[in-house]
Each structure stands twice: as C-alpha cells, then as structure tokens.
Amino acid sequence: MYTQLADWHGPGPWILLIPLVWIAVVVLVIAVLRRTVWRRHGCGFGPGAGSGAVAEHPLAVLGRRYAEGDIDAEEYRAKRAVLSEPPRGDAGGGGAR
C-alpha cells in the first residue's frame with residue numbers, strides 16, 4: 001500500500017480545467033438570463049438600461065400627452081390624423097434618383 005501512494009504524483013495540470021468549466025457555466029447562465037428573462041422585464045445592462053430605454057409608439061405618446069393635459073382635443077385629433085395616415089410611397093418604385 002505504501003508503494004501505491006508513493007507512485008501517485010497528484011492530480012496533474014488538468015485540475016486547472018475545473019475552474020474554467022465553472023466560469024463557462026456561470027457565463028452561459030448569465031447570457032441566457034440576459035437574452036430571456038431580464039430583457040423581458042427591462043433589467044438589462046448597458047447604457048440606458050432600466051431608465052425607460054424602451055421606445056413608446058408615437059400614438060401612445062400622443063395619447064399620454066392628451067391624458068396628462070399637455071395638448072387639447074383639437075391638437076390631439078390633428079396629430080393623430082397625421083400619425084394614422086399611411087406612409088406615402090414612390091410611384092416610381094422607391095429609391096433616390
């Protein structure tokens with residue numbers, strides 16, 4: 001039995017791979033959470049994150065401004081008509097000439 005212990009040279013350099021595997025697992029979990037759960041709830045990282053970085057639809061902004069009393073009914077109807085009209089397209093197939 002003594003000779004078996006004397007011949008053992010330890011775990012070797014491959015033992016350094018274990019922390020690398022755990023680091024890869026943590027990075028993978030964080031990446032998955034950022035792409036799914038945190039993005040859905042607005043808890044992302046980076047510039048503008050968590051401070052209303054999601055752009056509102058123009059009609060929603062207009063409705064909110066009308067509800068808060070920033071604009072009157074006449075101005076609301078005029079701006080809503082402009083925002084609701086379909087975009088004008090080029091009859092020539094689009095593109096700059």
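Very little of this chain is hidden away: of its 97 residues, 3% count as buried. The model is a predicted one, and the protein chain in it exposes about 8800 Å². Carbon and sulfur atoms supply 64% of that area. As for secondary structure, the protein chain has five helices and zero strands, so the pattern read along the sequence is simply α-α-α-α-α.

Part of the exposed surface is a nonpolar patch with about 1200 Å² of accessible area together. Its members include Trp14, Ile15, Leu16, Leu17 and Ile18, and further along Leu20, Val21, Trp22 and Ile23. Val25, Val27 and Val29 belong to the patch as well. Leu16 makes a handy example from this group. This leucine sits in the loop that runs between helix 1 (2–7) and helix 2 (17–35). Leu16 has a relative accessibility of 59% and therefore counts as exposed, the cut-off for that label being over 50%.

Further along the chain, two helices pair up. The axes of helix 4 (residues 58–68) and helix 5 (residues 73–84) come within 10 Å of each other and cross at roughly 175 degrees. With that crossing angle, helix 4 is roughly antiparallel to helix 5, because angles over 145 degrees fall in that class. On the helix 4 side, the contact is made by Pro58, Leu59, Leu62, Gly63, Arg65 and Tyr66. Helix 5 contributes Ala73, Tyr76, Lys79, Arg80, Leu83 and Ser84.

What does Leu59 touch, leaving aside its neighbours within four places in sequence? The contacts of this helix 4 residue are with Arg80, Leu83 and Ser84. Leu59 and Arg80 are 21 residues apart in sequence, yet their C-alpha atoms lie 6.9 Å apart in space. Even with these contacts, Leu59 is not classed as buried: at 33% relative accessibility it counts as partly exposed, because the buried class is reserved for values under 20%.

Charged pairs come next. Side chains of opposite charge can pair when their charged atoms come close. In this model the count comes to three salt bridges. Glu56 and Arg64 form one of them, with their closest N and O atoms 3.7 Å apart. Arg64 also meets Glu68 in a salt bridge, at 3.8 Å from N to O. Glu56, Arg64 and Glu68 are thus linked in a network of salt bridges, both of the pairings falling within the 4 Å limit. Glu68 and Arg64 are four residues apart in helix 4, so about one helical turn separates them. On accessibility, Glu56 is partly exposed, with a relative accessible area of 47%, and Arg64 is also partly exposed, at 35%.

Helix 5 has a salt bridge too. Glu75 pairs with Lys79, and the closest N and O atoms of the two are 3.0 Å apart. Being four residues apart in helix 5, Glu75 and Lys79 are separated by about one helical turn. Glu75 is partly exposed, with a relative accessible area of 31%, and Lys79 is likewise partly exposed at 31%. Lys79 also appears among the helix 5 residues that make the contact with helix 4.

Notes
Residues are numbered from 1 along each chain as its sequence is written. This is a predicted model: local features need pLDDT of at least 70, side-chain atom pairs count only at pLDDT 80 or more; totals for chains, interfaces and linings use all residues. Side-chain values use heavy atoms; hydrogens and water are left out. Patches are made of residues with over 30% relative accessible area and no salt bridge: like charges are joined within 9 Å, nonpolar side chains (Val, Leu, Ile, Met, Phe, Trp, Tyr) within 5 Å. Accessible areas come from the Shrake-Rupley method with a 1.4 Å probe; for residues, only the protein chains shown count as cover. A salt bridge is a side-chain nitrogen of Lys or Arg within 4 Å of a carboxyl oxygen of Asp or Glu. Helices (H or I, at least four residues) and strands (E, at least two) are DSSP runs, numbered from the N terminus. Buried means under 20% relative accessible area, exposed over 50%, partly exposed in between (1.4 Å probe, protein chains only). Axes are lines fitted to C-alpha atoms, for helices over the stretch in contact, and angles run from 0 to 180 degrees between N-to-C directions. Angles under 35 degrees count as roughly parallel, over 145 as roughly antiparallel, 65 to 115 as roughly perpendicular and the rest as oblique. Contact means heavy atoms within 4.5 Å.
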